[in-house]
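Trainee: I should like to learn how to read the features of a model. Please take me through them one at a time.

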Amino acid sequence: MELVGTTSKGRFRLELIWLNDRFGVLHDRTNLGLIRFSKDVMLIDSGIDESYARKALKIISENGLKLRWLVNTHFHADHIGGNLFIQRKSQVQTIAHPLTKPFVENPILEPMSLYCGANPPDQLRSKLFLAQPSEVHVIVENGSNFEDVQIIELPGHAPGQIGLALKDLIFAADSVFGIEILGKKGIVVYSDIGAALESLEKLRGFDQCIPSHGSISEKDLVQMNKSHIEFVAEKIHSLLKEPMSEEILLSQLIENLQIDLQDVGVYYLLRMTVLAYLSWLKKINKAQIYLEKGKTVWQSL
Ligand SMILES: [Zn+2]
């Protein structure tokens, strides 16, 4: 999931770019990673649907590589939507974090979690939110490794999100977004702001961070993403000088940041993100919540 205010539409053209002799990226709207182990290769994420995964498999075979592992960095549908196709077409071992596995195997959990645990409406059942069920065969956690490739937990955008590190380079999934994503009007998606900030600090130790969305050759991504979070947190904190309900805050934020919101499903992504900011502001004693006349009211401290 990337920017609130856009949906995944249009054609794609995956382009394979080798960053060194081991690490490649299939670059497009959602970047997929490739790590070579002699002739075997590990694919990082499967894209939003069958056609995305089909193209990735074609590129892997055209390059004389054999797909052995598929890693899911997190459970969002644009990262796991091609899993089922890949599992049908090849003898691949699928790898994920323990918090990602239940969502991959029961993908209705993603739109349900966005919709407060209730049965989600049609607008939350498009392929942007709801993937087909697929299997996870191997569980990994922070510090797990595949030969010299290390798993680094990077929660914040989604619980259980992982990155894959090889020496000074890390495929950082949605723990960082490219400048063209941050630069558009909108807010990028988070479920836990405190965790997102801690994950950004972990990334400072790497020379190059590859985002799942955006250009793969940018520097200073960590600082730019931190500044985005600080900007949005400050905006919410300042709006809440006047006490208001979550719903009113959301509409004021949409107006204030001139977010082009056209999609009901995307509204719920934005809502989750704003709730993440609110609970973080409360945790650091900058906001409080109370009940008034049957609605929750937030106010900055
Ligand atoms: Zn995501």
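Trainee: Which strands form the open sheet, and in what order?

Mentor: Strands here are DSSP runs of E of at least two residues, helices are runs of H or I of at least four, and both are numbered from the N terminus. Two strands pair if DSSP finds at least two bridges between them. In this case 3 strands form an open sheet in the order β13-β15-β14, with antiparallel pairing. The edges are β13 (244-245) and β14 (287-292), each of which pairs on one side only. The model is a predicted one, in which local features need pLDDT of at least 70, side-chain atom pairs count only at pLDDT 80 or more, and totals for chains, interfaces and linings use all residues. Residues are numbered from 1 along each chain as its sequence is written.

Trainee: How many bridges join β14 to β15, and which residue stands opposite Gln288?

Mentor: The antiparallel strands β14 and β15 (residues 295-300) are joined by 6 bridges. Gln299 in β15 stands opposite Gln288, and Trp298 is the bridge partner of Ile289. On the other side, β13 and β15 pair in the antiparallel sense over 2 bridges, where Met244 stands opposite Trp298. In general, side chains in a regular strand alternate between the two faces of the sheet.

Trainee: What lies between β14 and β15?

Mentor: These strands form a hairpin with 2 residues between them, and Lys293 in the turn has a positive phi of about 45°. Most residues other than glycine have a negative phi. Ser38 is another case to examine, with a positive phi near 50°. Ser38 lies in the loop between β3 (32-37) and β4 (40-44).

Trainee: Is Ser38 buried or exposed?

Mentor: A residue is buried if 20 or more other C-beta atoms, placed from the backbone, lie within 10 Å of its own, exposed if 12 or fewer, and partly exposed in between. Ser38 counts as exposed because it has 7 C-beta neighbours inside 10 Å. Glu147, in the loop between β8 (145-146) and β9 (149-153), also has a positive phi, of about 50°. Glu147 is exposed, with 9 other C-beta atoms within 10 Å.

Trainee: How should one describe the packing of α8 and α10?

Mentor: Two packed helices are described by the angle between their axes and the distance between the axes. Axes are lines fitted to C-alpha atoms, for helices over the stretch in contact, and angles run from 0 to 180 degrees between N-to-C directions. Helix α8 (residues 221-239) and α10 pack at about 75°, with axes 10 Å apart. They are therefore roughly perpendicular, a class that covers 65 to 115 degrees, whereas angles under 35 count as roughly parallel, over 145 as roughly antiparallel and the rest as oblique. Contact means C-beta atoms, placed from the backbone, within 7 Å. Among the residues that make this contact are Ile236 of α8 and Tyr277 of α10.

Trainee: Which residues have the most contacts inside the largest nonpolar core?

Mentor: Nonpolar side chains tend to be buried together in soluble globular proteins. A nonpolar core is a set of buried Ala, Val, Leu, Ile, Met, Phe, Trp, Tyr and Cys residues joined through C-beta atoms within 7 Å. The largest one has 82 residues, and those with the most contacts inside it are Leu43, Leu164, Ile170, Ala172, Cys209 and Tyr277. Helix α10 gives the most to this core, with 10 residues.

Terms used: Contact = placed C-beta atoms within 7 Å.
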